[in-house]
Amino acid sequence: NSSQRDDKKLNKIGEELRESISEAFTKDDHYDRLFNKDIIEELLPEYLGDSREEDAKIVKSFFGFTTYFNGFFKNRKNMYDAAQQTTAIAYRCINENLTRFLDNAAIWEKKLRDALPEEDICRLNEECTDFHDKKVEDIFDIDFFTQVLSQSGIDWYNQMLGGYTKEGNIKIQEKTNHYKPAWFKTSF
C-alpha cells in the first residue's frame, strides 16, 4: 500500500532527524558534565560568575550534596534522547513542531497564498521583515524551520500566525492570523 510505504518513509526520516538533533547535544564536550556534580560545582558557578553573587551562594550550598539531584539528572538526560518519547527535545522538534510547521506550509500553499489580494501579501511581507528580513512566503519554506527551533523563533512564529495576548487578556490578532485565524496551527 502506498500510504503505508509513505508512513514508513516518514517514520524513518523522523527517526534520522531525531537522532541528528540528539547527537548535536550528546556529542558536545560538556554533555556528560550536565548530569553529575560538575554542573553544580563547576558549570553553574562559572556561568553565574561574580555578577550574581546571591545565586552563586545558593548553588555553592549544594556542593558535596549533588547525589540529591540523581533523579533530576536522569530526567534531564531523557530530554536529549533520540527516542520517540514526548519528554525528549528531538521528539518535540520533529514529531510535533515540524509536523505543525509542514501543515501550516501546506495551508499557506493550498489555501491562503492565492486567496489573498496582492496588497495584503505586500503588507504581510513588510510586517515579516522584522525577523531576518524574511517575506511571508519565506516563513512557510522548509529552510525556515531552523529559525523556529529556539524559543524566541517559536514565539515570533506563533505571534505571526496566531497573534498574542496583551496585559488584561486582550487578544491581538496579528499578521497572517488577521486573514484566516482558524487555518493555522500555532503554539509549537
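Colleague: Why does Phe73 count as buried?
Modeller: In this predicted model, Phe73 has a relative accessibility of 4%. Buried means under 20%, so Phe73 is in that class.

Colleague: How many aromatic pairs does the structure hold?
Modeller: There are 13 aromatic pairs. One of them joins the rings of Phe72 and Phe73, with centres 6.1 Å apart and planes at 50°.

Colleague: What makes the pair of Phe72 and Phe73 a pair, and why is it called tilted?
Modeller: Centres have to lie within 6.5 Å, and 6.1 Å passes. Stacked needs planes under 30 degrees apart and edge-to-face needs over 60. The planes are at 50°, so the pair is tilted.

Colleague: Then how do you class Phe72: buried, partly exposed or exposed?
Modeller: Phe72 has a relative accessible area of 46%. The cut-offs are 20% and 50%, so Phe72 comes out as partly exposed.

Colleague: What about Phe144 and Trp156: why are those rings called tilted?
Modeller: It's the reasoning we just used. Their centres are 6.2 Å apart and their planes are at 55°. With limits of 30 and 60 degrees for the other two classes, the pair is tilted.

Colleague: Why do you say that this pair ties parts of the chain together?
Modeller: Phe144 sits in the loop between α6 (118-128) and α7 (151-162), while Trp156 is in helix α7. The two are 12 residues apart in sequence, so their pairing links a loop to a helix.

Colleague: And are Phe144 and Trp156 buried or exposed?
Modeller: Phe144 has 3% relative accessible area and Trp156 has 11%. Buried is under 20%, so Phe144 is buried and Trp156 is buried as well.

Colleague: Back to Phe72 and Phe73. Which aromatic cluster holds them?
Modeller: They belong to one with Phe62, Tyr68 and Phe69. Phe62 and Tyr68 turn up again in a nonpolar surface patch of about 470 Å², along with Ile58 and Phe65.

Colleague: How do you know how exposed Tyr68 is?
Modeller: Tyr68 lies in the loop between α3 (53-60) and α4 (70-78). Its relative accessibility is 66%. Exposed means over 50%, so Tyr68 is exposed.

Colleague: On to charges. What makes Lys12 and Glu16 a salt bridge?
Modeller: The closest N and O atoms are 3.9 Å apart, and the limit is within 4 Å. Both residues lie in helix α1 (residues 2-26), four residues apart, which is about one turn of the helix. At 45% for Lys12 and 42% for Glu16, each counts as partly exposed.

Colleague: What other salt bridges can you show me, and how many does a search find?
Modeller: The search finds seven. Among them is Asp55 with Arg52, at 3.1 Å from N to O. Asp55 is partly exposed at 32%, and Arg52 is partly exposed at 38%.

Colleague: What makes Glu96 and Arg92 qualify?
Modeller: Their closest N and O atoms are 3.1 Å apart, against a limit of 4 Å. Glu96 and Arg92 are both in helix α5, four residues apart, about one turn. Salt bridges with shared partners also join Arg33, Asp38 and Glu42 into one network.

Colleague: How many disulfides does the rule count?
Modeller: Zero. The rule asks for cysteine sulfur atoms within 2.5 Å. As for the cysteines Cys93 and Cys122, Cys93 is buried at 11% and Cys122 is partly exposed at 36%.

Colleague: Why is Ala88 called buried?
Modeller: Its relative accessible area is 1%, and the cut-off is 20%, so Ala88 is buried. Ala88 is in the loop between α4 and α5 (89-112). Leaving out residues up to four places away in sequence, Ala88 touches Asn78, Met79, Asp81 and Ala83.

Colleague: And for the chain as a whole, what is the secondary structure, and what percentage of residues count as buried?
Modeller: There are seven helices and two strands, in the order α-α-α-α-α-α-α-β-β. Of the 188 residues, 31% count as buried. The accessible surface comes to about 12,500 Å², with 48% of it from carbon and sulfur atoms.

Note on methods: Residues are numbered from 1 along each chain as its sequence is written. This is a predicted model: local features need pLDDT of at least 70, side-chain atom pairs count only at pLDDT 80 or more; totals for chains, interfaces and linings use all residues. Side-chain values use heavy atoms; hydrogens and water are left out. Buried means under 20% relative accessible area, exposed over 50%, partly exposed in between (1.4 Å probe, protein chains only). Accessible areas come from the Shrake-Rupley method with a 1.4 Å probe; for residues, only the protein chains shown count as cover. Patches are made of residues with over 30% relative accessible area and no salt bridge: like charges are joined within 9 Å, nonpolar side chains (Val, Leu, Ile, Met, Phe, Trp, Tyr) within 5 Å. A salt bridge is a side-chain nitrogen of Lys or Arg within 4 Å of a carboxyl oxygen of Asp or Glu. Contact means heavy atoms within 4.5 Å. Rings of Phe, Tyr and Trp (its six-membered ring) pair if their centres lie within 6.5 Å; planes under 30 degrees apart count as stacked, over 60 as edge-to-face and the rest as tilted.
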